[in-house]
Amino acid sequence: MALRCAGLFLGKELASSGKQVRALSTTTALGQGNFLKNSPNAALDKTILDRYRKLETPVDRYQATYLWIDGTGENVRLKDRVLDKIPSSAADLPKWQYDGSSTYQASGENSDTTLVPRAIYKDPFKPGKNDIIVMCDTYKADGTATESNKRASLQAAIDKVTAHEPWFGIEQEYTLLDVDGHPFGWPANGFPAPQGPYYCGVGADRVYARDLVEAHALACLYAGVDFAGTNAEVMPAQWEYQVGPSVGMKAADDLWMSRYILQRIAEEFGVVVTFDPKPMEGPWNGAGAHTNFSTKAMRSDGGMKPIEEAIEKLSKRHDRHIKAYDPKEGKDNERRLVGRLETSSIDKFSWGIANRGVSVRVPRGVANAGKGYLEDRRPSSNCDPYAVCDALIRTCLLDE
């Protein structure tokens with residue numbers, strides 16, 4: 001669903017603010033009863049790890065989790081290393097290699113693939129206050145970007161449009177599953193009541209795994225993600241959270257990092273997270289990653305004109321954007337963008353004010369203010385945000 005409030009863009013302050021740190025509990029009752037009875041992670045005693053977290057570690061050693069996107073374009077991989085100094089920026093961190101033949105990114109006879117650190121986040125899973133997660137992009141042996149490295153192209157585009165101050169805010173929808181692939185909390189046989197009471201709902205018969213969702217929000221805030229909020233979605237066991245609005249690259253980096261944090265927390269609960277854009281066939285809403293886009297001109301007085309100009313450009317490059325908006329170049333979105341259930345048709349570009357059945361929506365608050373941002377509702381929930389932001393910049397600002 002939408003960010004709901006134009007003020008997130010119109011009133012955004014980019015100055016840093018103080019943060020509160022809260023401890024996360026790993027105890028859960030989700031594994032009780034028939035749910036998650038076959039989940040190995042739900043069966044493990046999470047309190048055992050606390051014994052080792054309390055051990056005294058050397059003061060000059062720090063743990064860094066290197067995170068990257070594999071050859072699928074939608075899954076992340078990671079490995080950890082120990083550092084002997086605290087980096088002041090990602091540029092201070094060493095590059096690293098991994099076996100690209102095991103991540104669909106290289107052949108076995110030339111498998112060394114390079115990780116280049118790009119962004120640093122605090123690690124909510126490690127005990128050290130200086131332990132970090134490092135968002136990396138990936139390069140082949142000859143120094144060229146891997147096919148799944150869409151970040152490099154986005155950086156090149158951002159470098160050309162810094163004067164426009166592009167902002168992005170991304171709404172990530174996802175669905176929780178049991179380990180057997182069944183939506184979490186759904187009846188073992190049959191279906192829950194039809195959609196209607198679940199969106200932003202309250203109550204044990206309407207909302208499932210809120211404790212997991214709230215743990216995710218706390219962990220993202222601790223890590224340094226520009227986390228904007230969260231809500232239960234239209235389909236039961238489906239949720240949404242938002243990142244941004246952020247300048248340039250940060251929203252896309254933050255979305256990948258927040259996806260990783262979500263999957264790690266779900267791993268501890270023994271629950272599966274899927275970003276599939278249509279996890280359940282039938283009269284159930286799919287999942288998207290609606291992307292809100294704004295420039296300095298759009299946020300200024302008279303901003304509706306550049307908003308409408310950008311929409312006109314988007315209307316002429318619909319096919320290009322559909323290919324960029326899911327990792328299978330539109331095949332995943334074919335199952336979701338069917339012109340029903342709050343989606344537009346994949347075959348036709350459309351736009352409107354306060355209309356959730358169009359390709360691009362202008363929120364009512366933006367139209368009333370005469371300035372703000374546009375919401376591209378086409379990106380799928382499993383999109384690569386680097387590719388999405390890159391396409392928006394190149395179409396709307398670079399006229400490509």
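Helices, in runs of at least four residues, and strands, in runs of at least two, are DSSP runs numbered from the N terminus, and labels such as α10 and β11 follow that numbering on this tour of a predicted model.

**The whole chain**

Begin with the whole protein chain selected and drawn as a cartoon, where twelve helices and 13 strands make up its secondary structure. If you then show the C-alpha atoms alone, they fill a box of roughly 60 × 55 × 50 Å along the principal axes. A compact globule of 400 residues would have a radius of gyration near 21 Å, and the protein chain, with 21 Å, agrees with that expectation.

Switch next to a surface view, in which the accessible surface comes to about 18100 Å², with 49% of it belonging to carbon and sulfur atoms. Buried residues account for 51% of the 400 residues. When contacts between residues at least 6 apart in sequence are considered, 69% of them join residues at least 24 apart. If you colour the charged residues, you will find 50 positive and 53 negative charges, whose mean positions are 3 Å apart.

**Two leucines in loops**

Now select Leu341, which sits in the loop between α10 (331–334) and β11 (351–353). Its phi is positive, about 55 degrees, although Leu341 is not a glycine. Is Leu341 buried, partly exposed or exposed? Its relative accessible area is 29%, and because partly exposed covers the range between 20% and 50%, Leu341 is partly exposed.

For a second case, go to Leu36, in the loop between α1 (7–10) and α2 (40–43). Leu36 is also a residue other than glycine with a positive phi, here near 60 degrees. Its relative accessibility is 2%, however, and since buried means under 20%, Leu36 counts as buried.

**Helix α5 and what it packs against**

Select residues 210–223, which form helix α5; at 1.5 Å a residue its 14 residues should span 20 Å, and its end C-alpha atoms are indeed 20 Å apart. Show the side chains of Leu212, Val213, Ala215, His216, Ala217, Ala219, Cys220, Tyr222 and Ala223, which are buried residues of α5. Which elements do the buried residues of α5 pack against? They pack against strands β4 (112–122), β6 (167–177), β7 (227–232) and β8, and also against helix α6 (250–269). Step past the end of α5 and you reach Gly224, whose phi is positive, near 110 degrees.

**Strand β8 and helix α6**

Follow the packing to β8, residues 238–247, and pick out Pro245 within that strand. The peptide bond leading from Gly244 to Pro245 is cis, with omega near 0 degrees.

From there move on to α6, whose 20 residues should span 28 Å at 1.5 Å a residue, in agreement with the 28 Å between its end C-alpha atoms. Of these 20 residues 16 are buried, so α6 is largely enclosed by the rest of the structure. Just after α6 comes Gly270, with a positive phi of about 85 degrees.

**A buried arginine**

For the last stop, select Arg151, which belongs to helix α4 (residues 151–160). Arg151 has a relative accessible area of 7% and is therefore buried. Which residues does Arg151 touch, not counting those up to four places away in sequence? Display Arg118, Asp137, Met249, Asp253 and Tyr386 together with Arg151, and you will have its contacts in view.

Terms used:
Residues are numbered from 1 along each chain as its sequence is written. This is a predicted model: local features need pLDDT of at least 70, side-chain atom pairs count only at pLDDT 80 or more; totals for chains, interfaces and linings use all residues. Side-chain values use heavy atoms; hydrogens and water are left out. The radius of gyration is taken over C-alpha atoms; the globule rule is 2.2 Å times the number of residues to the power 0.38. Buried means under 20% relative accessible area, exposed over 50%, partly exposed in between (1.4 Å probe, protein chains only). Contact means heavy atoms within 4.5 Å. Accessible areas come from the Shrake-Rupley method with a 1.4 Å probe; for residues, only the protein chains shown count as cover. Lys and Arg count as positive and Asp and Glu as negative; His and the chain ends are not counted. The place of a charge is taken as NZ of Lys, CZ of Arg, CG of Asp or CD of Glu. The expected span of a helix is 1.5 Å times one less than its number of residues.
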